[in-house]
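Dear colleague,

I am passing on the structure we spoke about, and below it I have set out what was found. Please read the notes with the coordinates open beside them.

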Amino acid sequence: MQKKRNIIPLVETYNEVDTEKYIKSYMFIKGFAVAKNLKQTLIALAVARHFHNGQYRKDGMPYIVHPLKVCSTLINYGIDDDTTLAAALLHDLLEDCSDKLPLKGRELITEYHLSQEVLDIITLLTKESGLDEYELSVYFKKIERNCKASLIKLSDRLHNSTSLYTFTFERMRKYIKETDDFLIPMASYCKNYYPDYTNSFSILKSNIYSLNNSMRIMMDKFDQVKGIGEKTDSSKREAIIN
């Protein structure tokens, strides 16, 4: 007798207020996937919504907004590959929903019938915390060798760069340095070595650079103002002492 699978239902009630914040992106991707007959993307859309339900980003937005944005950005940049878009929707699943995936993501294949390639890409994109510079370089180099994973990682970085204002200054500096050291070179490499996606990688690189450069200029201005303030306070203290 075959053992009955405990399939997690994907049809459930979602918070109406949260849904209003992402439903347009959700329906855009769903409509695109239906029109293009992207079966894995449709499954991934429902799976991502289910597993990220109840999770929120630091800016207070429902977490599902992020993978939806990563996916819709790729669509807007000309990507219509089913595997890439499905993996984009699920790229944070292993990192942020591990407590709901006791089989470490194998459920995506056995229960939801997604492909091994989708799981492989998600696994490749999953980053452990606390990596040093060398470990980061290895992590990004592995992604760089996979065109689909690179598209997702760069789209992910682009969206995250729009919310740098939620970071502490220390983390913001680290994030921008990581982008300069690894993500911009990745985009340059991919633009040259994956000719079918040259335009997509070029646009991603340009937009990521612009966002990060704007934040860098803002931090430099802040440091200048802070420095002037510290010098003024120091002068006042010297005047009082003298």
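Lys148 is a good place to begin, since with a relative accessibility of 21% this residue counts as partly exposed. Please keep in mind throughout that the model is a predicted one.

Lys148 takes part in a salt bridge with Glu117, in which the closest N and O atoms are 3.1 Å apart. Because Lys148 belongs to helix 9 and Glu117 to helix 7, this pair ties together parts that are 31 residues apart in sequence. Glu117, for its part, is partly exposed, at 34% relative accessibility.

The side chain of Lys148 also meets that of Asp81 in a salt bridge, with an N to O distance of 3.6 Å. This second pair links distant parts of the chain, given that Lys148 sits in helix 9 (residues 147-161) while Asp81 sits in the loop between helix 3 (65-76) and helix 4, 67 residues apart. Asp81 counts as partly exposed, and its relative accessibility is 21%.

A separate salt bridge is found between Lys177 and Asp181, whose closest N and O atoms are 2.6 Å apart. Here both partners lie in helix 10 (residues 169-193), and they are four residues apart, which is about one turn of the helix. Both are partly exposed, Lys177 with a relative accessibility of 45% and Asp181 with a relative accessible area of 33%. Returning to the earlier pairs, Asp81, Glu117 and Lys148 are joined into one network by salt bridges that share partners. By the rule applied here, the count of salt bridges comes to nine.

Lys148 appears once more among the contacts of Thr84, a residue of helix 4 (residues 82-89). Is Thr84 buried or exposed? Thr84 counts as buried, because its relative accessibility is 1% and the cut-off for that class is under 20%. Leaving aside residues up to four places away in sequence, Thr84 touches Leu74, Ile79, Lys148, Leu151 and Ile152.

Another buried residue is Ile64, which has a relative accessibility of 4% and lies in the loop between helix 2 (39-51) and helix 3. Which residues does Ile64 touch, not counting those up to four places away in sequence? They are Tyr22, Ala48, Arg49 and His52. For one of these partners, Tyr22, there is also a backbone distance to report: the C-alpha atoms of Ile64 and Tyr22 are separated by 7.6 Å, although the two residues are 42 residues apart along the chain.

Last, there is a feature of the surface, namely a negative patch formed by Glu128, Asp132, Glu133 and Glu135. Of its members, Glu128 is found in the loop between helix 7 (116-125) and helix 8 (133-144). Glu128 counts as exposed, because its relative accessible area is 62% and the exposed class begins over 50%.

If you wish to start with a single site, Lys148 brings together several of these notes, as it forms salt bridges with Glu117 and Asp81 and is also among the residues that Thr84 touches.

With best wishes

How values were computed: Residues are numbered from 1 along each chain as its sequence is written. This is a predicted model: local features need pLDDT of at least 70, side-chain atom pairs count only at pLDDT 80 or more; totals for chains, interfaces and linings use all residues. Side-chain values use heavy atoms; hydrogens and water are left out. Patches are made of residues with over 30% relative accessible area and no salt bridge: like charges are joined within 9 Å, nonpolar side chains (Val, Leu, Ile, Met, Phe, Trp, Tyr) within 5 Å. Accessible areas come from the Shrake-Rupley method with a 1.4 Å probe; for residues, only the protein chains shown count as cover. A salt bridge is a side-chain nitrogen of Lys or Arg within 4 Å of a carboxyl oxygen of Asp or Glu. Lys and Arg count as positive and Asp and Glu as negative; His and the chain ends are not counted. The place of a charge is taken as NZ of Lys, CZ of Arg, CG of Asp or CD of Glu. Helices (H or I, at least four residues) and strands (E, at least two) are DSSP runs, numbered from the N terminus. Buried means under 20% relative accessible area, exposed over 50%, partly exposed in between (1.4 Å probe, protein chains only). Contact means heavy atoms within 4.5 Å.
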